[in-house]
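This report describes selected side-chain interactions, helix packing and local environments in one protein chain. The sequence and the structure are shown first.

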Amino acid sequence: VGLVMFSDRIVKLIPIKMGPQHYYDIIKALSSPKLYGGKFDFTRVLKFLNNYLTRNSIVIIVSDFIGLDNSWKTHFRIATKKFDFLLMIMVRDPLDNKFPKDTGQVVLEDPFSSTKLLTDPNMVGEAYEYQSRDIKEKIKSEISKDRCDTIELITDKPFEKPLSSFFIR
């Protein structure tokens, strides 16, 4: 097993190995808050994986897939042909999908540009939910075109059942 953690660049690379120490190295990396955050460049990661991993690898990508542009699709298609198994796990916070109701006005900040916007969730909530659902469905549709599976996990719900159900199926 190996691990690649990414944002708009590779932030941590643990090459493929095995053994108890390797397991602890992976757990330590996954538990480190300083390895999270930043911008997002999925195309760069796919290019890296396509060049770094050997044919017939098993690849599981975990991301929220927020902020994708269209450049990832070509490299994704290459990955689906190269690797034996490619699974996309979409992890979303409930706020990624739906604004809370009756909170009054809130200030939203773009994490990439620090631009702030004052908004009322009651006024834009439906449009936000529609847009969020539409973006997720378009991503899932693109992924499924290449016979690749997607599992959607929500951070406020246990993940064991959706994962085990997928692998049993």
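A residue counts as buried when its relative accessible area is under 20%, as exposed when this is over 50%, and as partly exposed in between. Lysine 140, with a relative accessibility of 21%, is therefore partly exposed. The model discussed here is a predicted one.

**Salt bridges**

A salt bridge is taken as a side-chain nitrogen of Lys or Arg within 4 Å of a carboxyl oxygen of Asp or Glu. By this rule there are seven salt bridges. The table gives three of these pairs, with the N to O distance and the separation in sequence.

| Pair | Closest N and O atoms | Separation in sequence |
|---|---|---|
| Arginine 77 and glutamate 142 | 3.0 Å | 65 residues |
| Glutamate 152 and lysine 136 | 2.8 Å | 16 residues |
| Glutamate 152 and lysine 140 | 2.7 Å | 12 residues |

Salt bridges with shared partners connect Lys73, Arg77, Glu142, Lys145 and Asp146 in one network. Within this network, the bridge between arginine 77 and glutamate 142 links distant parts of the chain, since arginine 77 belongs to helix 3 (residues 72-82) and glutamate 142 to helix 5 (residues 121-145). Arginine 77 has a relative accessible area of 29% and is therefore partly exposed, whereas glutamate 142, at 13%, counts as buried.

Glutamate 152 forms salt bridges with lysine 136 and with lysine 140. The bridge to lysine 136 joins strand 7 (residues 149-154), where glutamate 152 lies, to helix 5. Lysine 140 is likewise in helix 5, and its pairing with glutamate 152 also links distant parts of the chain. Glutamate 152 is partly exposed because its relative accessible area is 25%, while lysine 136, at 10% relative accessibility, is buried.

**Packing of helix 3 and helix 5**

Two packed helices are described by the angle and the distance between their axes. For helix 3 and helix 5, the axes come within 10 Å and cross at roughly 35°. The crossing of these two helices is right-handed. On the side of helix 3, Trp72, Lys73, Phe76 and Arg77 take part in the contact, and they meet Ile139, Glu142, Ile143 and Lys145 of helix 5. Among these residues, Lys73, Arg77, Glu142 and Lys145 also belong to the salt-bridge network.

**Surface patch and individual residues**

A nonpolar patch on the surface is formed by Tyr23, Tyr24, Ile27, Leu30 and Tyr36, which together have about 540 Å² of accessible area. One of its members, leucine 30, is located in helix 1 (residues 20-30). Leucine 30 has a relative accessible area of 38%, so this residue is partly exposed.

Is threonine 119 buried or exposed? With a relative accessible area of 11%, threonine 119 is buried. Threonine 119 is part of strand 6 (residues 116-119). Apart from neighbours within four places in sequence, threonine 119 has contacts with Gly104, Gln105, Val106, Leu108 and Val124.

Asparagine 56 occupies the loop between helix 2 (42-52) and strand 3 (58-63). The relative accessible area of asparagine 56 is 47%, so this residue is partly exposed. Which residues does asparagine 56 touch, not counting those up to four places away in sequence? They are Lys82, Phe83 and Asp84. The C-alpha atoms of asparagine 56 and phenylalanine 83 are 4.5 Å apart in space, although 27 residues separate the two in sequence.

Key
Residues are numbered from 1 along each chain as its sequence is written. This is a predicted model: local features need pLDDT of at least 70, side-chain atom pairs count only at pLDDT 80 or more; totals for chains, interfaces and linings use all residues. Side-chain values use heavy atoms; hydrogens and water are left out. Patches are made of residues with over 30% relative accessible area and no salt bridge: like charges are joined within 9 Å, nonpolar side chains (Val, Leu, Ile, Met, Phe, Trp, Tyr) within 5 Å. Accessible areas come from the Shrake-Rupley method with a 1.4 Å probe; for residues, only the protein chains shown count as cover. Helices (H or I, at least four residues) and strands (E, at least two) are DSSP runs, numbered from the N terminus. Buried means under 20% relative accessible area, exposed over 50%, partly exposed in between (1.4 Å probe, protein chains only). Axes are lines fitted to C-alpha atoms, for helices over the stretch in contact, and angles run from 0 to 180 degrees between N-to-C directions. A crossing is left-handed if the near helix is turned anticlockwise from the far one by less than a right angle, and right-handed if clockwise. Contact means heavy atoms within 4.5 Å.
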